Amino acid sequence: MGYEEMEQRAKEMGLPVYQYQRIAAQRAQKLTAELNFTYHEPEEVVHLFSELIGKPVGEGFCLFPPFYTDYGQNITIGKHVFLNTSCHFQDQGGITIGDGTQIGHNVVLATLNHDEDPARRSETIPGPIAIGKNVWIGANATITPGVTIGDGAIIAAGAVVTKDVPPNTIVGGVPARVIRPVRAQTAYKY
């Protein structure tokens, strides 16, 4: 469900958007509490996460709880995606994660921003995050609203990504900048 659909659902229920968001947040809190605060077999984790996002995840999905989200229903997950522990997804603006993507622990995907004008500071501005296929996002990275990460890109640990990342590029730093292209290797040597 996109932000516009969320606004429409709030209208249908006769509620301001912020009240609908609170109801949806309570649903997400309940499901994440169930997911996070007891051990579950991998199949149960997949089932609970699918319930949280309101649709099936792609085959080969793996999550190491805990996982946190404020909404949940605007997350789309491709095949063979891995989410490490303590990821935080603020998904009200929409998050799409492509096949084969690996996301490190404590990664933050934030899709809402606030108005710069102090008189309108409480207003939120959504911006979707789109993550391509076979992306690797290192631990403690933050991706900000409206960012697209191209296929095969690598986001270094601790990076704060504020601009789109081209395919097959390594970025790092605060704010993130291009470090170099990804190098293809025929075999990994230990």
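These legends describe several close-up views of a predicted model.

The model is predicted, so local features need pLDDT of at least 70 and side-chain atom pairs count only at pLDDT 80 or more, while totals for chains, interfaces and linings use all residues. Residues are numbered from 1 along each chain as its sequence is written, and side-chain values use heavy atoms, with hydrogens and water left out.

**View 1. The whole protein chain.**
The protein chain holds three helices and 18 strands; helices (H or I, at least four residues) and strands (E, at least two) are DSSP runs, numbered from the N terminus. Its radius of gyration is 17 Å, close to the 16 Å that the globule rule gives for 190 residues, so the chain is as compact as a globular protein of that length; the radius is taken over C-alpha atoms, and the rule is 2.2 Å times the number of residues to the power 0.38. Along its principal axes, the C-alpha trace spans about 60 × 45 × 25 Å. Of the 190 residues, 42% are buried, where buried means under 20% relative accessible area, exposed over 50%, and partly exposed in between (1.4 Å probe, protein chains only).

**View 2. The five-stranded sheet.**
Five strands form an open sheet with parallel pairing, in the order β2-β5-β8-β13-β16; two strands pair if DSSP finds at least two bridges between them. At the edges stand β2 and β16 (160-161), each with a single partner strand, so one side of each is left without a neighbour in the sheet. Strand β2 (residues 67-69) is joined to β5 by three bridges, with phenylalanine 67 opposite cysteine 87. On the way to the other edge, three bridges also join β5 to strand β8 (residues 108-110), where valine 108 is the bridge partner of histidine 88. Strand β13 (residues 142-143) pairs with β16 over two bridges, and there isoleucine 143 stands opposite valine 161.

**View 3. The two faces of strand β5.**
In strand β5 (residues 87-90) the side chains alternate, with Cys87 and Phe89 buried on one face, while His88 and Gln90 point to the other and are not buried.

**View 4. The four-stranded sheet.**
A further open sheet has four strands in the order β3-β6-β11-β14, again with parallel pairing. Its edge strands are β3 (75-77) and β14 (148-149), each of which pairs on one side only. Three bridges link β3 to strand β6 (residues 95-97) in the parallel sense, and isoleucine 77 stands opposite isoleucine 97.

**View 5. Strand β17 and its partners.**
Four bridges join strand β17 (residues 169-172) to strand β18 (residues 177-181), and these two run antiparallel. Within this pair, threonine 169 stands opposite proline 181, and glycine 172 stands opposite arginine 177. The two strands form a hairpin with four residues between them, and glycine 173 in the turn has a positive phi of about 105 degrees. Strand β15 (residues 154-155), by contrast, runs parallel to β17 and is joined to it by two bridges, with isoleucine 154 and isoleucine 170 as bridge partners. Both faces of β17 are covered, since Thr169 and Val171 on one side and Ile170 and Gly172 on the other are all buried.

**View 6. Helix α3.**
The 12 residues of α3 should span 16 Å at 1.5 Å a residue, and the end C-alpha atoms are 17 Å apart, which agrees; the expected span is 1.5 Å times one less than the number of residues. The buried residues of α3 are Val45, Leu48, Phe49, Ser50, Leu52 and Ile53, and they pack against α2, β1 (62-63), β2, β3 and β4 (82-83). Glycine 54, which follows α3, has a positive phi near 80 degrees.

**View 7. The largest nonpolar core.**
A nonpolar core is a set of buried Ala, Val, Leu, Ile, Met, Phe, Trp, Tyr and Cys residues joined through side-chain atoms within 4.5 Å. The largest has 37 residues, of which Phe49, Phe67, Phe89, Ile149 and Ile155 touch the most other members. Two or more residues come from each of α2 (17-36), α3 (42-53), β3, β5, β6 and β11 (129-131), and the largest share, five residues, comes from α3. Leaving aside its neighbours within four places in sequence, phenylalanine 49 is in contact (heavy atoms within 4.5 Å) with Val57, Phe61, Leu63, Phe67, Ile77 and Leu83. A second, separate core of five residues includes Met6, Ala10, Ala24 and Tyr71.
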